[in-house]
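Colleague: I should like to understand how the terms used for a sheet are justified. May we go through them one at a time?

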Amino acid sequence: MFTQDSLGKILKNHGVSRRGFIKFCSTLTSMLALHPGMAAKVAESLEKVQRPSVIWLHFQECTGCTESLTRSHAPTIESLIFDYISLDYHETLFAAAGDAAEKAMHEAMQANKGKYLLVVEGSIPLDNPGYSTVAGHSNLEVLQKTAKDAAAVIAVGSCASFGGLPNADPNPTGAVSVSDIIKDKPVINISGCPPIPVVITGVLAHFLTFGVLPELDNLGRPKTFYANTIHDRCYRRPFYDKGLFAETFDDEGAKKGWCLYRLGCKGPTTYNACATVKWNDNTSWPVEAGHGCLGCSEPRFWDAGGFYKALSIPDSDVRNMAGYAAAAGLAAGAIAGYANNNKKQQMIKKHDAISVDDWDEES
Amino acid sequence: MSNSMDFLLWVKGPAFEIALFIFVAGIVIRVLEILLLGRKTDLSEARSSEIMGAIRTILNRSIPEPGLLKKAPFTIVVGYLWHLGWFISFLLFIPHIEVIKSLTGISWPGLPNQFVDAAAVIAMVSLLAMLIYRFNHPVLRFISTREDYLVWLVTFLPLLSGYFAFHHTFEPYALLLGLHILSVELFLVVFPFTKLMHAITVFMARWYNGAMLGRKQPDHTEVQS
């Protein structure tokens with residue numbers, strides 16, 4: 001199960017040319033926002049590195065993150081790199097099943113104690129351990145056991161990073177993210193529903209090259225890929241600035257590629273690399289396909305007020321609220337008006353009439 | 001509230017509902033109180049239309065009186081600049097129009113962002129200038145109350161936070177947008193119970209004065225009201 005061949009050798013055996021490998025390293029270097037001179041260092045490190053053991057766990061999720069990773073880039077060199085990490089346990093991609101699979105995981109954990117990378121896909125239910133189990137073990141138990149000797153934990157996808165769909169209101173399973181549970185290990189969040197494949201491979205490559213995880217933002221995401229908003233990098237941004245917006249999905253504005261803000265695009269609040277890295281081998285991405293950003297790499301994106309409501313619009317039924325407020329105002333205003341009038345009448349009553357005679361008396 | 005997105009969702013959800021409730025109920029209470037105080041019936045025969053007089057006054061008094069520009073140039077010029085800057089940045093920014101549309105169903109075309117941005121800067125600079133003027137003018141300073149400064153603050157904050165949000169001055173954006181909406185909510189809550197109510201009562205006052213003058217005004221005669 002555990003080969004000691006270096007990555008460089010494995011790639012060579014699979015017919016990846018030196019040129020192709022260097023090209024990949026250069027791309028990776030620029031994507032990781034490293035100095036161009038670092039490309040050689042990246043190539044050198046990656047070539048020599050031995051495949052790190054990776055254990056990939058599935059919890060409450062749809063396997064979309066794995067689907068994204070395995071399908072969209074195959075058969076590019078990124079997927080090769082990914083194939084040639086030592087993926088020692090992955091319930092979806094694994095040929096083994098049952099005891100054999102469990103055994104493989106335990107072997108990998110023993111052999112690479114303190115060194116293996118743990119990748120988690122999916123959220124963890126806390127309300128009842130029975131909501132999601134693997135081989136009779138609750139997700140929480142598996143996570144805690146597996147994370148204990150891991151070098152780092154990579155939460156892949158928005159479910160593992162922030163709770164995702166299972167965590168959406170009313171969160172029936174009490175789903176939480178990996179970082180809600182694992183506090184004593186570095187946890188890196190690669191959010192997205194699903195995340196961009198090259199972001200996953202990029203983080204792994206960074207770890208392989210430098211032995212440490214990349215710099216993270218305040219939500220634990222690699223800054224390299226999550227430092228800018230979709231809005232700031234969007235090719236439709238000039239239309240936003242000019243005040244040119246699509247009003248429906250098939251109007252003239254939509255056909256001309258105008259900004260999708262009014263159709264509910266969450267680009268301004270969403271940090272991800274879709275606008276620059278794109279999807280399906282740099283083919284396109286949601287906004288280019290004519291649909292607004294859903295904000296899938298942000299926490300609670302399912303509950304963020306509706307995918308087709310402009311970002312600035314209040315989330316709740318404010319019209320009803322305004323109606324109740326007006327009714328309450330009318331009632332309170334009527335009472336206040338009545339009290340004021342009473343007071344006015346009383347003051348009029350209290351007011352003594354004076355005559356010229358009174359004036360004479362006083363003077 | 002674990003992160004900025006939670007904060008944004010809170011200000012866009014429950015906090016906005018609370019602010020809107022206080023804003024709408026507050027305005028209705030205050031307007032109703034004024035109207036229910038009533039006026040004595042005018043028994044004299046009307047010479048002219050009250051309604052025409054009222055509309056005329058509402059429009060006329062938006063234009064400074066002749067000579068006033070010389071007497072109080074700062075108040076007039078900066079006052080106009082401030083109000084125009086505020087109206088443009090509030091009413092002609094597309095995301096704001098979306099909010100108004102969601103609340104009222106009414107919408108209108110907006111301006112390109114550069115114009116709105118400039119208008120917001122003009123409004124903020126005018127507000128700052130007015131505050132400095134207020135501090136330095138002995139009489140103005142003497143008659144200024146805490147309410148005046150509160151009103152200034154709750155008016156300035158939405159502009160400043162909106163400017164920061166628009167320019168992504170800090171990260172994350174969700175926090176900036178949340179702070180901007182929160183500052184607007186503060187404005188909405190304070191509005192009905194302070195001088196900010198002038199945005200509504202100014203028209204009621206002008207209507208009343210205009211109607212009274214219009215009633216007394218002989219037919220077909222243009223009189224400055």
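Modeller: Let us begin with one pair of residues in this predicted model. A:Ile55 has A:Leu118 as its bridge partner in E3(A), and A:His58 has A:Glu121 as its bridge partner in E3(A).

Colleague: What makes strand E1 and strand E3 of chain A a pair?

Modeller: Two strands pair if there are at least two bridges between them. Strand E1 (residues 53–58) and strand E3 (residues 117–121) of chain A are joined by five bridges, so the requirement of at least two is met. The two strands run parallel.

Colleague: How do you know that E3(A) and E7(A) pair?

Modeller: Five bridges link E3(A) and E7(A) in the parallel sense, and at least two are required. In E7(A), A:Ile154 stands opposite A:Val119.

Colleague: Why are strand E2 and strand E9 of chain A said to stand at the edges?

Modeller: The open sheet of five strands has the order E2-E1-E3-E7-E9 in chain A, with parallel pairing. Strand E2 (86–90) and strand E9 (187–190) each have a single partner strand, so one side of each lacks a neighbour in the sheet. From one strand to the next, the twist averages 20°.

Colleague: Why is E3(A) called mostly covered?

Modeller: A residue is buried if 20 or more other C-beta atoms lie within 10 Å of its own. In E3(A), five of its five residues are buried. A:Leu117, A:Val119 and A:Glu121 point one way, while A:Leu118 and A:Val120 point the other way.

Colleague: Which helix lies across E1, E3 and strand E7 of chain A?

Modeller: Helix H7 (residues 139–148) of chain A does, running at about 170° to E1(A).

Definitions and conventions:
Residues are numbered from 1 along each chain as its sequence is written. Chains are lettered from A and ligands numbered from 1 in the order in which they are written. This is a predicted model: local features need pLDDT of at least 70, side-chain atom pairs count only at pLDDT 80 or more; totals for chains, interfaces and linings use all residues. Helices (H or I, at least four residues) and strands (E, at least two) are DSSP runs, numbered from the N terminus. Axes are lines fitted to C-alpha atoms, for helices over the stretch in contact, and angles run from 0 to 180 degrees between N-to-C directions. Two residues are in contact if their C-beta atoms, placed from the backbone, lie within 7 Å. A residue is buried if 20 or more other C-beta atoms lie within 10 Å of its own, exposed if 12 or fewer, and partly exposed in between; C-beta atoms are placed from the backbone.
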